[in-house]
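Subject: Structure handover

Hello,

Here is the structure I said I would pass on. Please open it and keep it beside this message while you read.

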Amino acid sequence: MTGEFPRHSGASRKKTSAPGPGQESRGVFNCVTLNLPRVPARVSEALVLRTYPLKEADLIVSFLTRDQGKLRGVAKRARRPKSSFGAGLERLSHVRMAYFQRETRELVNLDSCELIRSQFDLVSDYRAGVALDYFAEVADQLLPAAEPGERFFRLLLAVLDYLRPAGGDDPAAAPLSGRVWRAVTYFSLWAVRLSGWLPELHVCLGCGSLLDEPEPGEKPERAFFQRGRAGLLCSHCRHAMAAGSSWELSAESRNTAAEMLRRPVAQLSQTDWVQTTAADLRRFLVQQIESHVERKLVTARLLEESEG
Ligand SMILES: [Zn+2]
């Protein structure tokens, strides 16, 4: 797999830095007497993926940092009023997270977070809210822990930016529901690609024949996929290897996928997206993700059911 996730202009690429020594003098950080290995407090630009209640007032937070990959940490007293986290721990909040890592522990200790941008303005739309749930679920399930890699972080920022076009009420912008389907499809494709599992979409997995270069005078080869199979089949191999249901991935959707691998989400040629646009491609990608994480994605079904 080669190719860079397309750059986009929206995100700040400011370097974050650790707080100075004066900021480490608070009690919680003062563990010298416990003789634990110390790692200085760190501040990372991050997107909050999920939170889970812990004890009476605490939260476990899964978050994706720009520089350290996906981390999990404990936010003490985060469920108390006036906590130092405020609204920063909402799903997909874009924050600067201050935390403290110990070499011996899987969980980091969250100190505080500063909100860069919340997603409150998007969740008033039910479908957009489910799309955010889907982004968070896929990222949380798919990404390995503590493995630095900035591209998935930039992918999330890109689809969030796209859902909220500059100007907000620009009448020329595509309707939000169309943007949701486009963003979800784009995100799914790149999530699979960045994980290294995207198969060739123009070659039959069974016989190796090309799926989109018809002989002169012939129709283009049709392509099919099955749950649990990591690629596409031509119609001949589909019959020969038939076991369980299969779905067709249209030539149109394969072209859409090829374009998505070359262009930013805001610059795709098709602009009038509805739920049926590339729905076969989404089904294929969700099946690929589900095969690899070995569970069903709760939000994928909710999303497809959100129409109508
Ligand atoms: Zn074949």
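How many of the 14 residues of H3 are buried? Before the answer, note that this is a predicted model.

Eleven of them are, so H3 counts as mostly covered, a residue being called buried when 20 or more other C-beta atoms lie within 10 Å of its own. The buried positions are Phe152 to Leu160 without a gap, together with Tyr162 and Leu163. The cover over these residues includes two strands, E1 (42–54) and E2 (58–65), and three helices, H1 (120–123), H2 (126–142) and H4 (176–194). H3 itself runs over residues 150–163 and spans 20 Å from first C-alpha to last, close to the 20 Å expected at 1.5 Å a residue.

For the protein as a whole, there are eight helices and seven strands. Of its 308 residues, 33% are buried. Among contacts with a separation of 6 or more, 64% join residues 24 or more positions apart.

Two loop residues should also be on your list. Most residues other than glycine have a negative phi. Lys55, in the loop between E1 and E2, has a positive phi near 50 degrees. Lys55 is exposed, because only 12 or fewer other C-beta atoms may lie within 10 Å for that label and Lys55 has 11. Glu294 sits in the loop between H7 (279–293) and H8 (298–305), and its phi is also positive, at about 60 degrees. With 7 other C-beta atoms within 10 Å, Glu294 is exposed too.

Regards

How values were computed:
Residues are numbered from 1 along each chain as its sequence is written. This is a predicted model: local features need pLDDT of at least 70, side-chain atom pairs count only at pLDDT 80 or more; totals for chains, interfaces and linings use all residues. Helices (H or I, at least four residues) and strands (E, at least two) are DSSP runs, numbered from the N terminus. The expected span of a helix is 1.5 Å times one less than its number of residues. Two residues are in contact if their C-beta atoms, placed from the backbone, lie within 7 Å.
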